[in-house]
Amino acid sequence: MADDYLERIGRLIRDARQHRGWTQTQLADALGTSQSAVNRIERGNQNISLEMIARIGEALDSEIVSLGFPGPMHLRVVGGRRLSGSIAVKTSKNACVALLCASLLNAGRTTLRRVARIEEVYRILEVLGSIGVRTRWINDGNDLEIVPPAELDLASMDNEAARRTRSVIMFLGPLLHRMDHFRLPYAGGCDLGTRTVTPHMTALRHFGLEITATDGVYLAEVDRTVTPRRAIVLTERGDTVTENALLAAARHDGTTVIRNASSNYMVQDLCFFLEQLGVRVEGVGTTTLTVHGVAHIDRTVDYAPSEDPVEAMSLLAAAVVTESELTIRRVPVEFLEIELAVLEEMGLDHERSAEYPADNGRTRLIDLTVRPSKLQAPLDKIHPMPFPGLNIDNVPFFAAIAAAAQGQTLIHDWVYDNRAIYLTDLNRLGAQVKLLDPHRVLVDGSTRWRSAEMMCPPALRPAVVVLLAMMAAEGTSVLRNVYVINRGYEDLAERLNSVGAQIETFRDI
């Protein structure tokens, strides 16, 4: 391997390690090698096999090189271009993932319409396939058919695929009804005592599930004598926590009340799907859900999840930062009403169509036309709240919008530890984003964007925010290692190109 390739690979590894927040010693420990060896690799002074590159990519959850499939690795963005025309919102990533997990409840055939073809979905499909579930894309690859086996083969689970998606934790709810003992891998960095995992354990304990965390594995035991005897009060109004409780309640032969439940878009889609399975759910859209479960489910179901409000917000932000007139079709407005109200106060010039139903027959959609606007910073801080508040995943997009507005905006991203830090990457592109603490940034606008070459942040939404800022910046920018974007967005670069962007995918190697 030529020296220049070794140096370029070394730089990619170094950047991926630094974005993960690891030291060379931590990476060395994960690889079972020495810190000095990692140092030589990053400096391009050591020959390195493709197997080692793959191991490093797995350890860092980062696509260093791509082997055997044509997914993009980097993006080259020619910015300063205006967008025009119309673009439709794809189906919800988070709903699709939850519905794939929910298909384990059903002994019959499940068909999901217009499933998002993204890396997060592919990882879940790999896990399902490895345990015996037959899945296939039908209707020109638009829809997904899922047929379970009579018995799941959990011993053959693809552990590597499972560890690359935190969504696999939603297997707990369905599996506790199918077997008394099982093992389930969990994503690295997701320890049992963290905020994101403990509420799952607390909720599912009502159904007799007890979990022991070992080295990278949940060991699960189910006590069939334990059933919910009173309302389950979730200690966190989280989306996946609520979904896991719903999945467990769906096959509990009785009535389960779930309080402090999330009423967010993916939870509602899951409730609508459960109703197709014969499970009656009262209180959809509220924080109290009453689930009338069914002990055995064997149905042929056909369901179409609704559109993704976070993708809709991404496209809206793209129009704002590039000062474009763009029509965004199939926007799930009921999950963007607070965001639109805030933007309206900031001065957004937009027009909405009449409402019409999504393919699930329940979610309200509109077509939204955004026009170039002179925005002013909001008077109040931008901060998320559980639905119907401003969506947690939409907060990062306000960093780019605030940078394009006149004045100073405080953004308080209180839910996720350290996600706000990645918003300071916008400074490389000309923004003035000051980090106040791990949860708060102060954004000064307006911004004269400039091009740059930089590593993709490891967090999905901040990564897309950086891409949108590059689209606004005159000149050519490069965003490296964009696997994280492909985890949550289907063909985003190509779709933005269809409305006037100029984004090229390429590889170094």
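Proline 388 is found in the loop between β17 and α14, the helix of residues 395-404, and in this predicted model a cis peptide bond joins phenylalanine 387 to proline 388, with omega at about 15 degrees. A second cis peptide bond lies between glycine 445 and serine 446, where omega is about 0 degrees, and serine 446 has its place in the loop between β20 and β21, the strand of residues 453-455. These bonds deserve a pause, because most peptide bonds are trans.

The strand β20 that comes before serine 446 also belongs to a hairpin. Strand β19, which covers residues 432-437, and strand β20, which covers residues 440-445, run antiparallel and are joined by 5 bridges, and 2 residues lie between the two strands of this hairpin. To see how the strands face each other, one can look for lysine 434, whose bridge partner in β20 is leucine 442.

Another hairpin can be traced in strands β4 and β5. Strand β4 (residues 134-138) pairs with strand β5 (residues 143-147) in the antiparallel sense, over 5 bridges, and arginine 134 stands opposite valine 147 in β5. This hairpin has 4 residues between its strands, and asparagine 139 takes a positive phi near 55 degrees there. Aspartate 140, found in the loop between β4 and β5, likewise has a positive phi, of about 60 degrees, although it is not a glycine. Is aspartate 140 buried or exposed? Its relative accessible area is 80%, so aspartate 140 counts as exposed. The hairpin also holds a salt bridge, formed by glutamate 145 and arginine 136, whose closest N and O atoms are 2.6 Å apart. The partners of this salt bridge can be described one by one: glutamate 145 is buried, with a relative accessible area of 8%, whereas arginine 136 counts as partly exposed at 43% relative accessibility.

Backbone angles of this kind can be followed elsewhere in the chain. Asparagine 481 sits in the loop between β22 (475-480) and α17 (483-488), and its phi is near 60 degrees, a positive value in a residue other than glycine. Such values draw attention because most residues other than glycine have a negative phi. With a relative accessible area of 7%, asparagine 481 is buried. A glycine with a positive phi appears just after α2, where glycine 32 takes a value of about 70 degrees.

Helix α2 itself, which spans residues 24-31, has Gln24, Leu27, Ala28 and Leu31 as buried residues. Why do they lie on the same side of α2? They cover an arc of only 100 degrees around the axis, and therefore they share one side of the helix. The spacing along the chain helps to explain this, because an α-helix has 3.6 residues a turn, so residues three or four places apart point the same way.

Salt bridges appear in other parts of the model as well, and the count comes to 31. One of them is formed by aspartate 359 and arginine 114, with the closest N and O atoms 3.5 Å apart. This pair links distant parts of the chain, 245 residues apart, since aspartate 359 is in the loop between β16 (356-357) and β17 (364-371), while arginine 114 is in the loop between β3 (110-112) and α6 (119-130). Arginine 114 counts as partly exposed, at 29% relative accessibility. Arginine 364 forms a salt bridge with glutamate 355, the closest N and O atoms being 2.8 Å apart; arginine 364 is partly exposed at 29%, and glutamate 355 is partly exposed at 47%. Salt bridges that share partners join Arg114, Glu307, Arg330 and Asp359 into one network.

The last stop is a pocket. About 560 Å³ of space lies in the second largest pocket, and of the 24 residues that line it, Val321, Glu323, Ala404, Thr447 and Trp449 are the closest to its centre. The elements that give two or more residues to this lining are α12 (309-321) and α16 (460-472). Sorted by class, the lining of the second largest pocket has 10 nonpolar, 7 polar and 7 charged residues.

How values were computed: Residues are numbered from 1 along each chain as its sequence is written. This is a predicted model: local features need pLDDT of at least 70, side-chain atom pairs count only at pLDDT 80 or more; totals for chains, interfaces and linings use all residues. Side-chain values use heavy atoms; hydrogens and water are left out. Two strands pair if DSSP finds at least two bridges between them. On a 1 Å grid over the protein atoms alone, a cavity is a set of points where a 1.4 Å probe fits but cannot get out, and a pocket is an open set with protein on both sides within 12 Å along at least five of seven lines; lining residues have an atom within 4 Å of a point. Grid points are joined across faces, edges and corners, and a volume is the space filled by probe spheres set on the points. Ala, Val, Leu, Ile, Met, Phe, Trp, Tyr, Cys and Pro count as nonpolar, Asp, Glu, Lys and Arg as charged, and the others, Gly among them, as polar. A salt bridge is a side-chain nitrogen of Lys or Arg within 4 Å of a carboxyl oxygen of Asp or Glu. Buried means under 20% relative accessible area, exposed over 50%, partly exposed in between (1.4 Å probe, protein chains only). The arc is that of the directions from the helix axis to the C-beta atoms.
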